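Here's a quick tour for anyone meeting this structure for the first time. Take a look at it below, then read on.

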Amino acid sequence: MSEADYEDTRSEQQWQADLTPEQFRILRKRGTERAFTGQYWDEHASGSYVCAGCGQPLFASDAKFNSGTGWPSFSQPSNNDAVAEHTDSSHGMVRTEVVCSRCGGHLGHVFDDGPPPAGKRYCINSASLKLVAPK
Ligand code: FE
């Protein structure tokens, strides 16, 4: 998918104005926050984790589990259309990048060592998320 395929087509300058420097570095530049430093790795409150860039719901707190990695970790997205996955061959590894399907913002990566039944571990940057309390 190219940038033009996403519904949210904000320009780079607009993103820079709308996001904090840390959010911009991670969401728009495929950055990674340091483990155990983000807002949500040890968060246990209920709610919906939405995209910090565009507000699309991405993960439910029910799917969050303690992975021990220092990043918020989820067993599945809130629905199959919430995220898109791309092969990422950077840094000498082949990983699967996870992005918001609405704005293309970088969220993190998905690995195959998660809890049963699906066995997926969505390893997500806190800076890409915003926890919205249930109504
Ligand atoms: Fe988004």
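A residue counts as buried when its relative accessible area is under 20%. Keep in mind that this is a predicted model. With that cut-off, Cys 54 is buried because its relative accessibility is 18%. Cys 100 is buried too, at 0%. Here are the two side by side:

| Residue | Relative accessible area | Status |
|---|---|---|
| Cys 54 | 18% | buried |
| Cys 100 | 0% | buried |

And how many disulfides turn up in a search of the whole structure? Zero.

Now for the sheet. Six strands make up an open sheet, lined up in the order 3-4-8-7-6-5, with antiparallel pairing. Strand 3 (64-65) and strand 5 (83-88) are the edge strands, each pairing on one side only. Further in, strand 7 and strand 8 run antiparallel and are joined by four bridges. His 109 has Cys 123, in strand 8, as its bridge partner.

Then there's the largest nonpolar core, which has 23 residues. The members touching the most others are Leu 58, Phe 59, Val 83, Leu 107, Tyr 122 and Leu 129. Several elements each supply at least two residues of this core, among them helix 2 (21-28), strand 1 (48-51), strand 2 (57-60) and strand 9 (129-132). Strand 6 (95-100), strand 7 (106-111) and strand 8 (121-124) each do so as well.

What does Tyr 122 contact, leaving aside its neighbours within four places in sequence? Its contacts include Phe 59, Pro 72, Phe 74, Val 83, Val 98 and His 109. Phe 59 and Val 83 are also on the list of core members that touch the most others.

Conventions
Residues numbered from 1 in each chain as written. Predicted model: local features only at pLDDT ≥ 70, side-chain atom pairs only at ≥ 80, totals over all residues. Heavy atoms only, no water. Core = buried A, V, L, I, M, F, W, Y, C linked by side-chain atoms within 4.5 Å. Buried < 20%, exposed > 50% of the residue type's maximum accessible area, 1.4 Å probe, protein only. Contact = heavy atoms within 4.5 Å. Pairing = 2+ DSSP bridges. Disulfide = S-S within 2.5 Å.
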